[in-house]
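Me: I have a model open and want the reasoning behind the labels attached to it. Please take me through them one at a time.

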Amino acid sequence: MYNSKMHTLGTNPSMIRELFEYGQAQKAELGEEAVFDFSIGNPSVPAPTIVNDTLIRLIQEKDSTLLHGYTSASGDRKVREAIAIDLQKTYHTPVDANLIYLTAGAAASLTIALKALLNEEEEVIVFAPFFPEYKVFIENAGGIMKVVPCVAPTFELDLEQLEQTITPFTKVVIINSPCNPTGVIIQEKVLQHMAQILRKKSQYYQHPIYLLSDEPYRELVYGNRSVPFVTSYYEDTLVCYSFSKSLSLPGERIGYVLVSPHAYQASDVYASICGAARSLGYVCAPALFQYMIPYCLGQTADLSIYQTNKDILYQHLVAYGYEVVPPEGAFYLFVKALEPDAVAFSKQAMRYGLLLVPSDSFGYQGYVRIAYCVPTKQIQAALPAFERLIKEYAKSGENYE
Ligand code: PLP
């Protein structure tokens with residue numbers, strides 16, 4: 001008999017996937033214009049030209065058996081060195097190529113890191129709303145997820161609650177900045193305060209509590225904001241990074257996990273990363289995309305389209321009367337539902353062709369997520385539907401505080 005837990009995972013797609021599939025079916029039946037699909041975080045801008053130019057050059061010039069061959073399990077040494085140099089230059093903090101492990105994207109980085117750190121029944125704290133797959137990855141590594149809700153309406157991290165949630169069994173705290181789904185960036189002073197709490201608790205419980213920083217949106221920031229590099233603030237940090245969003249390459253599966261050189265017994269933590277990747281069957285990250293990395297570090301896809309989309313959508317939704325979390329990064333808007341049940345609200349929005357993900361999927365009640373990584377013309381075309389939706393609620397008196 002198959003494993004029933006895995007069967008349940010395989011037969012219960014996430015709400016995001018369900019909405020996406022529904023949108024595809026509706027488009028096929030009613031036409032593209034009938035559906036405003038804001039369900040999925042698939043980048044809508046092409047990869048920068050340097051990506052394809054580099055790939056073509058590599059295919060033309062590099063020895064084919066090397067190019068398509070296995071690399072060392074942790075990734076090509078020169079590639080890891082290039083990443084380390086780039087990070088040091090960008091963030092002015094030490095990074096060791098020997099503590100970088102190339103992976104098939106942030107999802108792989110997270111599964112590997114959690115498997116490397118957790119013993120059975122150890123606890124992992126996440127802040128809600130959170131990326132839904134965290135629960136799957138944590139439980140697969142034998143851990144138990146504990147949730148600390150963020151504080152509405154700013155959705156800042158609740159550090160008092162964090163401190164109270166830490167127990168002798170707490171091993172990992174996951175942060176995600178800029179955040180999917182709120183778009184909030186964790187500020188330097190918050191990181192500093194969190195580091196103090198984690199240090200104090202690590203000392204008290206006599207074991208390191210690791211900070212796992214999930215950073216697929218690190219470069220997707222608006223205005224003159226920047227994302228603090230977490231290893232500069234807390235020593236027992238692991239960074240899970242991905243090129244999926246910054247270079248618009250989510251299907252190619254390339255990223256890395258790095259262990260801070262300041263972490264307690266960093267090389268043993270790294271050995272555990274290598275063991276976890278081995279046990280999960282990650283032989284090496286896709287070789288062609290590893291070799292591409294050194295030529296594309298510091299580059300991004302044209303992110304100005306996300307800025308344009310965000311500005312149009314945010315300004316119009318606020319003007320119509322929606323309560324929207326001001327986004328600082330990533331490509332999501334987190335919007336208060338117009339009735340307490342976000343699933344019911346999402347269903348109501350579907351009647352207007354709007355596919356919005358209820359926040360229940362992210363472990364939080366009463367909001368919806370709008371993924372605005374779509375063509376700008378879709379945003380413009382959807383605005384009347386958003387306006388009619390809120391007017392309908394106002395008319396039926398169901399609007400609530
Ligand atoms: N973490 C967060 C917060 C995400 O939003 C995503 C993807 O949307 C991932 C991890 C997984 O990213 P990847 O495509 O690199 O596996």
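Reply: Start with residue classes: Ala, Val, Leu, Ile, Met, Phe, Trp, Tyr, Cys and Pro count as nonpolar, Asp, Glu, Lys and Arg as charged, and the others as polar. By that scheme the lining of the largest cavity divides into six nonpolar, two polar and one charged residue. The model is a predicted one.

Me: Which residues line the largest cavity?
Reply: The lining consists of I175, S177, I186, L191, S213, E215, V227, P228 and V230. Glu counts as charged and Ser as polar, so E215 is the charged residue and S177 and S213 are the polar ones.

Me: What makes this space a cavity?
Reply: A cavity is a set of grid points where a 1.4 Å probe fits but cannot get out. The search of the whole structure finds one cavity of 30 Å³ or more, and the largest cavity holds about 50 Å³ of space.

Me: How do you know where the ligand sits?
Reply: A molecule sits in a pocket if more than half of its atoms lie within 2 Å of the grid points of that pocket. The ligand is placed in the largest pocket, so it meets that condition. About 1200 Å³ of space lies in this pocket.

Me: What lines the largest pocket?
Reply: Its lining has 39 residues, and S14, I16, F131, P132 and E133 lie nearest the centre. By class the lining holds 18 nonpolar, twelve polar and nine charged residues. Helices α1 (4-11), α2 (15-30), α6 and α7 (133-140) each supply at least two residues; α7 gives the most, with six.

Me: What makes a residue part of the shell around the ligand?
Reply: One of its heavy atoms must lie within 4 Å of the ligand. The shell has 13 residues, and the closest are A106, D214, Y217, S242 and R253. By class there are five nonpolar, five polar and three charged residues in the shell. Helix α6 (residues 105-117) gives the most to this shell, with three residues.

Me: Why is the approach of A106 to the ligand called a polar contact?
Reply: The cut-off for a pair of N or O atoms is 3.5 Å. A backbone N or O atom of A106 lies 2.8 Å from an oxygen atom of the ligand, so the pair qualifies. A polar side-chain atom of N180 also lies 2.8 Å from a ligand oxygen atom, and for a polar side-chain atom of K245 the distance to a ligand oxygen atom is 2.9 Å. Taken alone, the ligand exposes 400 Å², and the protein buries 91% of that.

Me: Which peptide bond leading into P181 is cis?
Reply: The bond from N180 to P181 is cis, with omega near 25 degrees. The bond from S177 to P178 is also cis, with omega near -10 degrees. P178 is found in the loop between β5 (170-176) and α9 (188-205), and P181 is in the loop between β5 and α9 as well.

Me: What is notable about the phi of E121?
Reply: E121 is not a glycine, yet its phi is positive, at about 70 degrees. E121 lies in the loop between α6 and β3 (123-128).

Terms used
Residues numbered from 1 in each chain as written. Predicted model: local features only at pLDDT ≥ 70, side-chain atom pairs only at ≥ 80, totals over all residues. Heavy atoms only, no water. Polar contact = N/O pair within 3.5 Å; in protein donor to acceptor, adjacent residues only side chain to side chain. Areas by Shrake-Rupley, 256 points an atom, 1.4 Å probe, with all protein chains shown as cover. 1 Å grid on protein atoms, 1.4 Å probe; cavity = no way out; pocket = protein on both sides within 12 Å on 5 of 7 lines; lining within 4 Å. Helix = DSSP H or I, 4+ residues; strand = E, 2+ residues; numbered from the N terminus. Points joined across faces, edges and corners; volume = space filled by probe spheres on them.
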